[in-house]
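Biologist: Could you take me through this protein and then look closely at a single strand and its pairing partners? I'd like to see how that part sits in the whole.

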Amino acid sequence: QVQLVESGGGLVQAGGSLRLSCAASGRTLSMLSMAWFRQAPGKEREFVAAISWSGGSIYYADSVKGRFTISRENAKNTVYLQMNSLKPEDTAVYYCAAGNVLVVVATYDYWGQGTQVTVSS
């Protein structure tokens, strides 16, 4: 079992930055693919970014490409999402996910509880 806990969310003005963290416990993340998803009110959960266990493969949603950066520190069992140039449409609950296969759909085995990101205009 893997427990994931997100942190770093909050309220920020448009154009600002936030860095989300996802800390894992219960099992090392080093062999797991990791991803970030988000869900805005009234919308389906959508893919944001994903990274392979080695960091060698990374994928981004078109809507965040060039503004968000996913990274990981396996030694710290932590994955990050650096979010720059934030827009009001980035407002959502952001979820961390982990699994054995690197995919861009919400089929990961483990999920965190989410952290709220609110971007004001």
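Modeller: Let's begin with charge: the protein carries 10 positive and 8 negative side chains, and the centres of these two sets are 5 Å apart. Please keep in mind that this is a predicted model. The accessible surface amounts to about 6000 Å², and carbon and sulfur atoms account for 50% of that area.

Now for the fold. The protein contains eleven strands and zero helices, so its radius of gyration is best read next to that list: at 13 Å it is close to the 14 Å that the globule rule gives for 121 residues, and the protein is therefore as compact as a globular protein of that length. The C-alpha trace spans about 40 × 25 × 25 Å along its principal axes. Of the 121 residues, 43% are buried. If you take the contacts between residues at least 6 apart in sequence, 57% of them join residues at least 24 apart.

The part I would pick for your close look is strand β9, which covers residues 92-99. This strand is mostly covered, with seven of its eight residues buried. Its pairing partners can be taken one at a time. Strand β4, residues 33-39, is joined to β9 by seven bridges, and the two run antiparallel. Within this pairing, Val93 of β9 stands opposite Gln39.

Val93 also helps you find the next partner, since its bridge partner in β11 is Gln116. Strand β11 spans residues 115-120, and three bridges connect it with β9, again in an antiparallel arrangement. Then there is strand β10, made of residues 110-111, which runs antiparallel to β9 and is joined to it by two bridges. Here the residue to look for is Ala98, whose bridge partner in β10 is Tyr110.

For a view from elsewhere in the chain, try Ser21, which lies in strand β3, residues 18-25. Ser21 counts as buried because its relative accessibility is 16%, and the cut-off for buried is under 20%. Leaving aside neighbours within four places in sequence, Ser21 is in contact with Val5, Glu6 and Ser7, with Trp36, and with Thr78, Val79 and Tyr80. One of these contacts leads you back to the strand pairing above: Trp36 touches Ser21, and β4, the partner of β9, runs over residues 33-39.

Key:
Residues are numbered from 1 along each chain as its sequence is written. This is a predicted model: local features need pLDDT of at least 70, side-chain atom pairs count only at pLDDT 80 or more; totals for chains, interfaces and linings use all residues. Side-chain values use heavy atoms; hydrogens and water are left out. Helices (H or I, at least four residues) and strands (E, at least two) are DSSP runs, numbered from the N terminus. The radius of gyration is taken over C-alpha atoms; the globule rule is 2.2 Å times the number of residues to the power 0.38. Buried means under 20% relative accessible area, exposed over 50%, partly exposed in between (1.4 Å probe, protein chains only). Contact means heavy atoms within 4.5 Å. Accessible areas come from the Shrake-Rupley method with a 1.4 Å probe; for residues, only the protein chains shown count as cover. Lys and Arg count as positive and Asp and Glu as negative; His and the chain ends are not counted. The place of a charge is taken as NZ of Lys, CZ of Arg, CG of Asp or CD of Glu. Two strands pair if DSSP finds at least two bridges between them.
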